[in-house]
Amino acid sequence: MNVLVHFKVNKTNITTDQQPNVERVAMYLKNNPTATVDIKGYASTEGPHDNNIRLANGRAEAVKNMLINKYKIDANRIKAQGCGETDMFQELSWNRVSICELIVKK
């Protein structure tokens with residue numbers, strides 16, 4: 001299952017309207033104690049390269065930190081990485097996201 005968390009241009013903070021998406025991930029993890037989540041942060045090619053790398057990393061970390069701090073999910077169950085400009089969607093606005101991929105271990 002994949003959940004998207006969208007970000008505003010040049011921002012890494014999770015807005016109020018996106019918090020339910022993070023909560024959905026947290027509830028899944030709480031209900032499935034063997035599940036883990038891989039969070040990938042993205043940024044568009046607009047703007048300076050260094051800034052886009054910072055944004056991609058910051059977006060992934062923002063979701064991770066909310067899961068840990070607000071929902072008390074164990075950090076060992078969360079992997080966060082910024083994909084920067086290496087894994088791009090064709091539609092530029094889609095790159096202002098963190099994608100949370102939930103993985104259930106059997």
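1. A word on terms before we start: two residues are in contact when their heavy atoms lie within 4.5 Å. With that settled, please keep in mind that the model here is a predicted one.

2. Let's begin with helix 2, residues 49-69. Its buried residues pack against strand 1 (2-6), helix 1 (19-31), strand 2 (35-42), strand 3 (78-84) and strand 4 (97-104). The buried set in helix 2 is made up of Asn52, Leu55, Ala56, Arg59, Ala60, Ala62, Val63, Lys64, Met66 and Leu67. You will notice that Arg59 and Lys64 are on that list. As background, residues three or four places apart in an α-helix point the same way, because there are 3.6 residues a turn.

3. How far does helix 2 reach from its first C-alpha to its last? The span is 30 Å for 21 residues, close to the 30 Å expected at 1.5 Å a residue.

4. Glu61 also sits in helix 2. Its relative accessibility is 31%, so Glu61 counts as partly exposed. If you would like a distance to try in your viewer, take Glu61 and Lys8: they are 53 residues apart in sequence, and their C-alpha atoms are 15 Å apart in space.

5. Now step back to the whole chain. Two helices and four strands make up its secondary structure, and along the sequence they follow the pattern β-α-β-α-β-β.

6. Strand 2 holds Ala35, a nice residue to look at closely. Is Ala35 buried or exposed? Its relative accessible area is 0%, which is under the 20% cut-off, so Ala35 is buried. Setting aside neighbours within four places in sequence, Ala35 is in contact with Tyr28, Leu29, Arg77, Ile103 and Val104. Ala35 and Asn76 are 41 residues apart in sequence, with 11 Å between their C-alpha atoms.

7. On overall size, a compact globule of 106 residues would have a radius of gyration near 13 Å, and the chain agrees with this because its own value is 13 Å. Along the principal axes, the C-alpha atoms fill a box of roughly 40 × 30 × 20 Å. Among contacts with a separation of 6 or more, 77% join residues 24 or more positions apart.

8. Finally, the surface and the charges. Of the 106 residues, 40% count as buried. The accessible surface of the chain is about 6000 Å², and carbon and sulfur atoms account for 49% of that. The chain has 15 positive and 11 negative charges, and the mean positions of the two sets lie 7 Å apart.

Notes
Residues numbered from 1 in each chain as written. Predicted model: local features only at pLDDT ≥ 70, side-chain atom pairs only at ≥ 80, totals over all residues. Heavy atoms only, no water. Expected span 1.5 Å × (residues − 1). Buried < 20%, exposed > 50% of the residue type's maximum accessible area, 1.4 Å probe, protein only. Rg over C-alpha atoms; globule rule 2.2 N^0.38 Å. Areas by Shrake-Rupley, 256 points an atom, 1.4 Å probe, with all protein chains shown as cover. Lys, Arg positive; Asp, Glu negative; His and termini not counted. Charge placed at Lys NZ, Arg CZ, Asp CG, Glu CD.
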